[in-house]
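Got the viewer open? Let's take a walk through this one together, selecting one piece after another.

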Amino acid sequence: MAPTRPEPVLSVVVPMFNEEAVLPLFARRLRVVLDGLGEAYEVVAVDDGSTDGTPAGLAALRVGWPGLRVVRLRRNSGHQAALVAGVLRAHGRYVVSIDADLQDPPETIGEMLRRARADDLDIVYGVRDDRSTDSPFKRWTAGAYYRLMRRLVGKQVPAQAGDFRLLSRAAVEALRELPERSPVLRLVVPWLGFPSGAVTYRRQERPAGRTKYPLTRMVGLAAESVTSFSAAPLRFATWLGLAGVVVCGLLVVLAVAAWLAGATVTGWPSLYVAILFLGAVQLLCLGLLGEYVARIYTAVQGRPAYFVATDTADERHRPAEPA
Ligand code: UDP
Ligand code: MG
């Protein structure tokens, strides 16, 4: 059945998890921007299993805003999974993803769209030129993350580009072809190799609510980013093992020398060191192996990264009267 409304030019994908505090503010600002563009658009709000007033807030917003579409995931699946869910379900010629917390200014969306059309780009990154509102710790960890990613994935990964970006329909379809269930978008997107550009924006402070990226989640994202793109840590484990062998060889020579000199008691500290060192190296290598085994395990399971419970867009495809 044909959709009753024309396909939108622009889809704006917004993952949100327990964002009731900032939702009204965000919706007001976003709507002003989008209505001002003069294009057919849809907002795909992905409710990532919120447990607060977010679903109710979205339902209320939908009453007076036909452009708002709500995709509800059955359970909290994480920022990346929610993003992928929204991007793959979006209908627009261009798909912009943006956080709900107003740290990415909605006003920049128009500029992204203009850039994409003017230069015929498939990807336009939002690049943060100023993170002075982030804590020094957040800035330092983010800097280290981007340096590492550029080394592992390649120079095409733009520094300081998060998940505020525009994708063309072609880029979205390329993403759909990937076998991965939950790709790390900010690495996979540059890897696709489409013509891309960037617009800079100033990272704003969160006006309400709090960050859902505590340290544990940041470490998780970093570990997944590395193991999804590089086997370098495995090679590192091999080198570490080799270095351990060399050091142990030296210790053996020392021990033999001490024995020849008749000072046998001196043997025990070196034994102690060798055991500690070997134990540490083995544990580290096991841990690294474990990271990849875990990745293979989840890949082999092939479980979807998210379940869509409801999508308000599906309602208009349903026939009004039973046939
Ligand atoms: N988010 C989500 N699911 C989660 C965690 C976060 O959809 O499990 C959303 C969140 O509502 C926000 C965006 O992802 O719109 C970015 O999260 P947050 O602002 O907490 O991260 P930060 O900006 O601090 O890195
Ligand atoms: Mg944020």
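## Start at a long helical stretch

Select residues 236-259 first: this stretch is 100% helix and 0% strand, and its end C-alpha atoms are 34 Å apart. Keep in mind as you look around that this is a predicted model. In UniProt, an unreviewed entry lists residues 236-259 as a "transmembrane region", along with residues 271-294.

Now move along to helix α10, residues 267-301, and pick out Gly-279, which sits in it. Is Gly-279 buried or exposed? Gly-279 counts as exposed, because it has just 10 C-beta neighbours inside 10 Å, and the exposed class covers residues with 12 or fewer. For a sense of scale, add Val-63 to your selection: its C-alpha atom and that of Gly-279 are separated by 62 Å, with their positions 216 residues apart along the chain.

## Step back to the two domains

Colour residues 10-216 one way and 231-301 another, and you have domain 1 and domain 2. How far apart do the C-alpha centres of the two domains lie? The answer is 44 Å.

Stay with domain 1 (10-216) for the rest of the tour. The unreviewed UniProt entry lists residues 11-175 as "domain: Glycosyltransferase 2-like". Select that span and you'll find 44% helix and 24% strand, with end C-alpha atoms 16 Å apart.

## Into the core

Next, show the side chains of Val-12, Val-13, Val-14, Val-46 and Val-96. The largest nonpolar core has 51 residues, and these five touch the most other members. Helix α3, residues 79-89, is the biggest giver to this core, with six residues.

Zoom in on Val-12. Which residues does it contact, once its neighbours within four places in sequence are set aside? Look for Leu-30, Leu-34, Tyr-41, Val-43, Val-44, Val-96, Ile-98 and Ile-109.

## Strand by strand

Pick strand β3, residues 68-73, where six of the six residues are buried. In a regular strand the side chains alternate between the two faces of the sheet. Here, Leu-68, Val-70 and Arg-72 point one way, while Arg-69, Val-71 and Leu-73 point the other way, and all are buried. Add strand β2, residues 41-47: β2 and β3 run parallel and are joined by five bridges. One pair to click on is Val-44 with its bridge partner in β3, Arg-69.

Now jump to strand β6, residues 161-168. Eight of its eight residues are buried, so the strand is largely enclosed by the rest of the structure. Look for a strand that pairs with it: β4, residues 94-97, is antiparallel to β6 over four bridges. Here Ser-97 has Arg-165 of β6 as its bridge partner.

Then select strand β5, residues 123-130, which runs antiparallel to β6 and is joined to it by four bridges. Ile-123 stands opposite Leu-167 of β6, and Tyr-125 has Arg-165 as its bridge partner in β6. Arg-165 is worth a label, then, as it is the partner of Ser-97 and of Tyr-125.

From β5, carry on to strand β7, residues 196-202. How many bridges join these two? Seven, and the strands run parallel. To see one spot where they meet, find Val-127, which stands opposite Thr-200 in β7.

## A helix and its end

Select helix α5, residues 136-153, and try a quick check of its length. At 1.5 Å a residue, its 18 residues should span 26 Å, and the end C-alpha atoms are 25 Å apart, which agrees. Just after α5 comes Gly-154, with a positive phi near 130°.

## Two loops to finish

Most residues other than glycine have a negative phi, and most peptide bonds are trans. The last two stops go the other way on phi.

First, select Asn-18, in the loop between β1 (10-16) and α1 (23-37). Its phi is positive, near 50°. Asn-18 counts as buried because it has 20 C-beta neighbours inside 10 Å.

Finally, go to Leu-102, in the loop between β4 and α4 (108-118). What is its phi near? The value is near 65°, again positive in a residue other than glycine. Leu-102 is buried too, with 20 other C-beta atoms within 10 Å.

Notes:
Residues are numbered from 1 along each chain as its sequence is written. Chains are lettered from A and ligands numbered from 1 in the order in which they are written. This is a predicted model: local features need pLDDT of at least 70, side-chain atom pairs count only at pLDDT 80 or more; totals for chains, interfaces and linings use all residues. A nonpolar core is a set of buried Ala, Val, Leu, Ile, Met, Phe, Trp, Tyr and Cys residues joined through C-beta atoms within 7 Å. Two residues are in contact if their C-beta atoms, placed from the backbone, lie within 7 Å. Domain bounds come from an automatic or database domain assignment. UniProt positions are given in the numbering used here, feature names are shortened, and annotations may be inferred rather than shown by experiment. The expected span of a helix is 1.5 Å times one less than its number of residues. Two strands pair if DSSP finds at least two bridges between them.
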